[in-house]
Amino acid sequence: MKNNTLTILFSGIILLTSSCKKEQDFVPNALDVLVTNRDTTASISDDFFTYANGGWFKKNPIPASERSNGIFRTIGDTINSQIKQICEKSAKENAEKGTNKQKIGDFYSSGMDTIQIDKLGVKPLKAELAKIDAVKDIPGLLNEIAHLHTIGASPAFNFYLGQDDKISTKYALFFSQGGLGMGNRDYYFNSDKETVKIRTEYVKHLEAMSKLMGISADIAKKNAQVIMKLETELAQNSRKLEDLRDPLHNYNKMSLVKFKALTPSISWEKILPVMKVSKADSVIVGQPEFFKALDKTIKSYSIEDWKTYLKWDLINSYVSYLSSDFEKQNFYFFSTVMNGVKEQKPRWKRVVEQTDNSLGELIGQVYVDEYLPEGTKGKLLEIGNNIRDVYAERIKNLDWMSAETKKKALNKLSKIVMKVGYPDKWKDMSSVTIDKSGYLSNVMAVIKWAYDDMIKKYGKPVDRTEWGMYPQTYNAYYNPSNNEICVPACNIIVPGFEGRMPDDAVLYGIIGGSTFGHEITHGFDDQGSQYDEKGNLNNWWTADDLKKFKAKTKAIVAQYSKYEALPGKYVNGDATQGENIADLGGVIMGYEAFKKTSQFKNNQKIAGLTPNQRFFLAYGYAWMVNVKPESLAQQLIVDVHSPARYRINGPLSNIDEFYKTFSIKETGKMFIPKKDRIVIW
C-alpha cells in the first residue's frame with residue numbers, strides 16, 4: 001500500500017455493487033491480510049483481538065513518534081502522503097492570489113519555514129497578550145474572556161452555536177463547562193500514581209511555559225500554582241464524562257434574564273456582543289451548577305491571577321505554531337508525559353496535518369478532483385442502503401419491542417440522511433487571507449473565519465446540507481439533530497487490497513459493519529434514541545419499551561465495566577455505552593447484510609477461510625489498533641470510545657454466530673452464557 005497512490009487503490013476496490021452479484025476475481029498469489037495479520041498462538045476464546053491482529057502488531061511496533069499503530073495509522077499515512085503531494089505541488093505552482101491552491105501552498109510553506117517561526121518566537125501573540133495586560137477590572141476581564149473565545153482560545157467555559165436539541169430547525173447558543181488545560185476534570189482529582197504524576201508534571205509544565213514567555217523563575221513558579229488552583233476549582237464544579245451523556249440533563253434552556261440571575265457577576269448582555277452575537281433572547285446552559293460556581297470564582301481570584309490564567313490559555317491554544325522551544329515543551333507534556341510518545345513526528349507530517357485541519361475544505365476539493373474516481377458516492381450509498389435494509393428487518397423481528405414503537409423506529413430509520421463521499425456544496429473560504437509571512441497568523445485567520453462562519457448562522461434557517469467532515473477524513477459520524485450519518489469518501493480504503501477488490505466479507509465487516517452499521521446504530525443508542533426522526537429531543541417510546549431498552553443498555557454498561565484495560569484501570573461502561581451499543585449493532589448489521597451476498601450463500605472459501613471466519617476477522621481488522629499504555633490510560637479518562645481490544649471482544653462476545661464459527665470454549669475469557677448475551681437491535 002505504501003507504494004500505491006490512492007487513485008490506484010480506489011480503482012481497485014471501487015466496484016462494490018458487483019461484488020454482491022457475482023464471485024470476485026482474486027489475485028491467486030496475493031498475501032491475504034486476514035491470514036497474515038493473525039497471531040495463531042493466541043487463544044481465540046480468550047482474546048480474539050490478539051488472535052486477529054497480533055501477528056501484525058509483532059511486525060509493526062508502535063513508532064517512537066506515535067501514540068498508537070494500526071489500521072488508522074496505516075490509512076492516515078496513505079492519506080497524509082497524498083495531502084503532502086497536494087501541498088507541495090500547490091506551493092510550487094505560484095498560483096494566483098486567492099485561489100485554493102495558493103492558500104494551500106502558502107499555508108504549508110509558512111508552516112515549514114522554521115527559521116521564520118523561531119525568529120518570531122512569541123511575537124505573533126504580543127498584541128493579544130497586551131490586551132490581557134490592559135485588563136483592570138471585572139467588566140474588562142469578562143470582555144477579554146469573551147474576545148478570546150472569538151480567536152480560538154476557550155478560557156473559563158466552552159461556547160458554540162449549534163442546532164437546538166428540541167427545535168432542530170433553529171440554531172441556539174450553547175454554554176457549557178470548560179477552561180481546563182488538561183481537558184478532563186478527573187486529571188485534577190484521580191488518586192492513582194500515574195495521574196498524580198501527571199498533575200505534578202503539569203505544574204512543572206506551566207512553570208516552564210511561563211519561563212519561555214520571559215517571566216522570571218520565582219514569578220513563573222507562583223503563576224503555575226495560581227493556574228493549577230484556578231483550574232482545579234473549575235474542575236471541581238464540572239460534571240464527569242459519563243454525566244455529560246444525558247442530553248436532557250445537559251439541556252437547560254433559559255432566557256438571558258434567568259442566565260444573569262444564575263450568574264449575577266457576569267453581564268451576558270454586554271459579553272455576547274463582544275462574542276459577535278446580537279439580539280440573543282435565550283441560551284442553552286449545559287451545566288448550570290458550573291456557571292453558578294464560575295460566578296463566585298470570577299470574584300474570588302484577583303484580576304492579576306485571572307490575567308495569568310488567560311495568558312496561559314492563549315499560549316496553550318496556539319503553542320503548536322510558536323517557536324521550537326515552545327513546541328518542544330508542549331510536546332514533552334502532552335505527548336510524552338500524557339501519551340508516552342518519545343519523539344515528535346517529522347515536521348512535514350505535523351504541518352500537513354495542520355494544513356488539512358485548517359484548510360481541509362479546500363484540500364478536499366483538490367482531493368476529490370485529482371484522487372477520486374467517479375462513482376464513489378453511489379457505491380458507498382449502495383452499501384449504506386443495504387445496511388439500512390437489514391436494519392429494518394431486524395427491527396421488525398425484535399421480540400422485545402411493541403408494534404407501536406417499531407413503527408416509529410422504522411420511520412426514524414427510513415428518514416436517516418446519508419451523506420457519503422463528499423459534499424455537493426463546498427464552504428466559501430474566499431474571505432480568508434493566507435500568505436507565507438506567518439504560520440500562526442495563518443492559523444488564526446482560519447480560526448477567526450470559522451468562528452465568524454459559525455456565528456453568522458444565528459437567526460438563520462438551519463442548513464442541513466452542511467458537512468462536519470472532509471472527504472479525506474478517515475472517520476464518520478451520526479448527527480442526531482439532523483438524523484443523518486456522514487461517511488467521507490476515504491472510508492472505502494482497505495489496506496492490503498491495493499489494485500484489487502476486497503471480497504464481500506471484508507467490505508461488510510469494515511465498511512458495512514464498523515462504519516455504516518455503527519453510525520446508523522448511533523441513532524438508536526442511549527443518546528440518539530432520545531431524538532425523533534426530525535432530529536428533535538422528543539420521546540417516541542412507549543413506557544414499557546423504554547424500560548426494556550434501558551435494561552439492555554444497563555446490561556452493556558455492566559459488561560464493559562468489567563474489562564480491565566490496564567492493571568487496576570477499567571473501561572468506563574457508563575461513558576462508553578453509546579459507542580459500545582453502536583459497535584454491537586454495527587457488526588450485527590454488517591453480518592446480516594453479508595449473509596445476502598453470493599460469497600456467503602455459496603460458502604465460498606478464500607485463503608482457506610470460510611465466509612464467517614473472514615467476516616469476523618475483517619471486523620477485527622477494522623479495529624486493529626495497538627496503543628501505548630500511557631495513551632491507553634488517557635483514553636480511559638477522556639474518551640467515550642472503549643479501547644480497541646474491547647471494541648472487538650465486547651460485541652463479538654454477544655453474537656451466537658461468532659461462537660459457532662470459532663468454537664468458543666466455555667472456559668474462555670470471552671465466553672458469555674447464551675442467556676446472558678446482549679441483543680439490542
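Which residue forms a salt bridge with D47? In this predicted model, the partner turns out to be R645, with the closest N and O atoms 2.4 Å apart. D47 sits in the loop between helix 2 (33–36) and helix 3 (48–59), while R645 belongs to helix 26 (residues 644–652), so this salt bridge ties together parts of the chain that are 598 residues apart in sequence. The two ends of the pair differ in their surroundings: D47 counts as buried because its relative accessibility is 16%, under the 20% cut-off, whereas R645, at 30%, counts as partly exposed.

That pair is one of 40 salt bridges in the structure. Another brings together the side chains of E370 and K101, at 3.3 Å from N to O. Here too the pair links distant parts of the chain, with E370 in helix 16 (residues 347–371) and K101 in helix 5 (residues 100–112), 269 residues apart. E370 is partly exposed, at a relative accessible area of 32%, and K101 is also partly exposed, at 22%.

Then there is the salt bridge between K457 and E466, whose closest N and O atoms lie 2.8 Å apart. K457 is buried, with a relative accessible area of 17%, but E466 comes out as partly exposed, at 21%. Salt bridges can also join up into a network, as they do for D32, D503 and R614.

Moving on to the strands, one open sheet is made of 3 strands, in the order 6-8-7, with mixed pairing. Strand 6 (417–421) and strand 7 (477–479) stand at the edges with a single partner strand each, so one side of each has no neighbour in the sheet. On average, neighbouring strands of this sheet are turned by 15° against each other, leaving direction aside. Strand 6 pairs with strand 8 (residues 484–488) in the parallel sense, over 5 bridges. Within that pairing, V417 has E484 of strand 8 as its bridge partner. A helix joins the picture as well: helix 20 (residues 504–522) lies across strand 6, strand 7 and strand 8, and runs at about 155° to strand 8.

Away from this sheet, S282 is found in strand 5. S282 is buried, with a relative accessible area of 18%. What does S282 touch, once residues up to four places away in sequence are set aside? The list is L173, K253, M254, S255, L256 and Y458. As for D281, its side chain is joined to that of S282 by a polar contact of 3.4 Å.

The loop leading up to strand 5 has a backbone feature worth a look. K276 lies in the loop between helix 12 (268–274) and strand 5 (282–285), and its phi is near 70°, a positive value in a residue other than glycine. K276 is partly exposed, at a relative accessible area of 43%.

A positive phi turns up at A607 too, where the angle is near 55°, again in a residue other than glycine. A607 also sits in a loop, this one between helix 23 (598–601) and helix 24 (611–622). With a relative accessibility of 47%, A607 counts as partly exposed.

Note on methods:
Residues are numbered from 1 along each chain as its sequence is written. This is a predicted model: local features need pLDDT of at least 70, side-chain atom pairs count only at pLDDT 80 or more; totals for chains, interfaces and linings use all residues. Side-chain values use heavy atoms; hydrogens and water are left out. A salt bridge is a side-chain nitrogen of Lys or Arg within 4 Å of a carboxyl oxygen of Asp or Glu. Helices (H or I, at least four residues) and strands (E, at least two) are DSSP runs, numbered from the N terminus. Buried means under 20% relative accessible area, exposed over 50%, partly exposed in between (1.4 Å probe, protein chains only). A polar contact is a pair of N or O atoms within 3.5 Å; within protein, one must be able to donate a hydrogen and the other to accept it, and residues adjacent in sequence count only if both atoms are side-chain atoms. Contact means heavy atoms within 4.5 Å. Two strands pair if DSSP finds at least two bridges between them. Axes are lines fitted to C-alpha atoms, for helices over the stretch in contact, and angles run from 0 to 180 degrees between N-to-C directions.
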